[in-house]
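Reader: Hello! I would like to learn how to read this structure, one feature at a time. Could you guide me?

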Amino acid sequence: MEAAGQTLQAPLACPHCRQVERVQHVPAIYRNGLGVYHGTSSAAGVAGGHVAYGYAVHGGVTISGLSSALSPAPAPRKAGWLLGASLFFIPPLALMVRIALNMTRHGSPSAVTAAQKGGYAFGTWLMPVFFLLPVVLFLGAFVRRVRRNTAVLRGQPAAIALWNQGWYCDRCGGAFFPVGTPAPVPTGQLLHLGAFRHVVWSAGGYAHVS
Ligand SMILES: [Zn+2]
């Protein structure tokens, strides 16, 4: 019986230290590290020669380093402001295009040679191009960010399904998938948190996402 006791290892024992006491479900550890806070802060300072008193209410979500390392997915990135920034440059762009069209229609009063006319046209359209650049750049960044968020959202169910089978050993500071986990993942070996996260994020198809 003693031999059987040695070989029969509890399935949820840490593959490294072989103990079960400090092993906890990854989702539980993750939730423990999340906190919601509400607070107020006040500060007195000098602004414009007057003593100013500031008062602010703030709130948000805190996340512990461990929770962050065990997160099943990267946080969504704010994209709206990029679209806003892009749209911000549309009115001046439209104005510059209108001016350039007007100038092109009338032509330069002093341009005589083809080179002079070409230079005039180039100068005329320099400003519209100058305002077109931020529109294109911000819009491109917006599209990339939306695509990234969509990819993360789409892959999350698969990643979370796998993440739900992960266990964390507090003694060793690593995570593992127990032997017999029905997924093509390394089982029965302690993974450092980066490797664990890579396995989970890979299941969601967003391991390359930051
Ligand atoms: Zn351990």
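Author: Gladly. Let us start with what helices and strands are here: they are DSSP runs, at least four residues for a helix and at least two for a strand, numbered from the N terminus. Please keep in mind that this is a predicted model. As a case, Ala 75 lies in the loop between helix H3 (65-69) and helix H4 (80-88).

Reader: Is Ala 75 buried or exposed?

Author: A residue counts as exposed if 12 or fewer other C-beta atoms lie within 10 Å of its own, and as buried if there are 20 or more. Ala 75 has 11 C-beta neighbours inside 10 Å, so it counts as exposed. Its C-alpha atom is separated by 9.9 Å from that of Leu 153, a residue 78 positions apart from it along the chain.

Reader: How many helices and strands does the chain have?

Author: The chain has seven helices and five strands. Following the sequence, they come in the pattern α-β-α-β-β-α-α-α-α-β-β-α.

Reader: What share of the chain is buried?

Author: Of its 210 residues, 15% count as buried. As for contacts with a separation of 6 or more, 66% of them link residues 24 or more positions apart.

Reader: How do I read the packing of two helices?

Author: Two packed helices are described by the angle between their axes and by the distance between those axes. Take helix H6 (residues 114-163) and helix H7 (residues 193-203): they pack at about 140 degrees, and their axes are 7 Å apart. That angle makes H6 oblique to H7.

Reader: Which residues meet where H6 packs on H7?

Author: From H6 come Ala 158, Ala 159, Leu 162 and Trp 163, and they meet Val 200, Trp 201 and Ala 203 of H7. The residues of this contact divide into seven nonpolar, no polar and no charged.

Reader: Which residues have the most contacts inside the largest nonpolar core?

Author: They are Val 26, Ala 159, Trp 167, Tyr 168, Ala 175 and Val 200, in a core of 21 residues. At least two residues of this core are supplied by each of helix H2 (26-32), H6, strand S4 (167-169), strand S5 (174-176) and H7. H7 gives the most, with five residues.

Reader: Let us follow one of those residues. Where does Trp 167 lie?

Author: Trp 167 lies in strand S4. It counts as buried, because it has 24 C-beta neighbours inside 10 Å. Setting aside residues up to four places away in sequence, Trp 167 touches Leu 12, Val 23, Gln 24, His 25, Val 26, Ala 175, Phe 176 and Pro 178. One of these partners shows how the fold brings distant positions together: Trp 167 and Val 26 are 141 residues apart in sequence, while 4.9 Å separates them in space, C-alpha to C-alpha.

Reader: How should I read a glycine, for example Gly 35 and Gly 205?

Author: The same way, by asking where each one lies and what surrounds it. Gly 35 lies in strand S2 (residues 34-47). It is exposed, with 12 other C-beta atoms within 10 Å. Gly 35 and Thr 62 are 27 residues apart in sequence and 5.1 Å apart in space, C-alpha to C-alpha.

Gly 205 is found in the segment after H7. This glycine is partly exposed, having 15 other C-beta atoms within 10 Å. Beyond its neighbours within four places in sequence, Gly 205 is in contact with Ala 151 and Gly 155. Gly 205 also lies 8.5 Å from Gln 156, C-alpha to C-alpha, although the two are 49 residues apart in sequence.

Reader: What about backbone angles?

Author: Most residues other than glycine have a negative phi. Arg 18 has a phi near 65 degrees, a positive value in a residue other than glycine. Its place is in the loop between helix H1 (2-7) and strand S1 (23-25). Arg 18 is exposed, with 10 other C-beta atoms within 10 Å.

Reader: Which residues does the UniProt annotation "transmembrane region" cover?

Author: In the unreviewed UniProt entry, that annotation covers residues 81-101 and 121-143. In the model, residues 81-101 are 95% helix and 0% strand, and the end C-alpha atoms of the span lie 31 Å apart. Residues 121-143 are 100% helix and 0% strand, with end C-alpha atoms 32 Å apart.

Definitions and conventions
Residues numbered from 1 in each chain as written. Predicted model: local features only at pLDDT ≥ 70, side-chain atom pairs only at ≥ 80, totals over all residues. Axes fitted to C-alpha atoms, helices over the stretch in contact; angles between N-to-C directions. Parallel < 35°, antiparallel > 145°, perpendicular 65-115°, else oblique. Contact = placed C-beta atoms within 7 Å. Nonpolar A, V, L, I, M, F, W, Y, C, P; charged D, E, K, R; others polar. Core = buried A, V, L, I, M, F, W, Y, C linked by C-beta atoms within 7 Å. UniProt positions renumbered as here; feature names shortened; annotations may be inferred.
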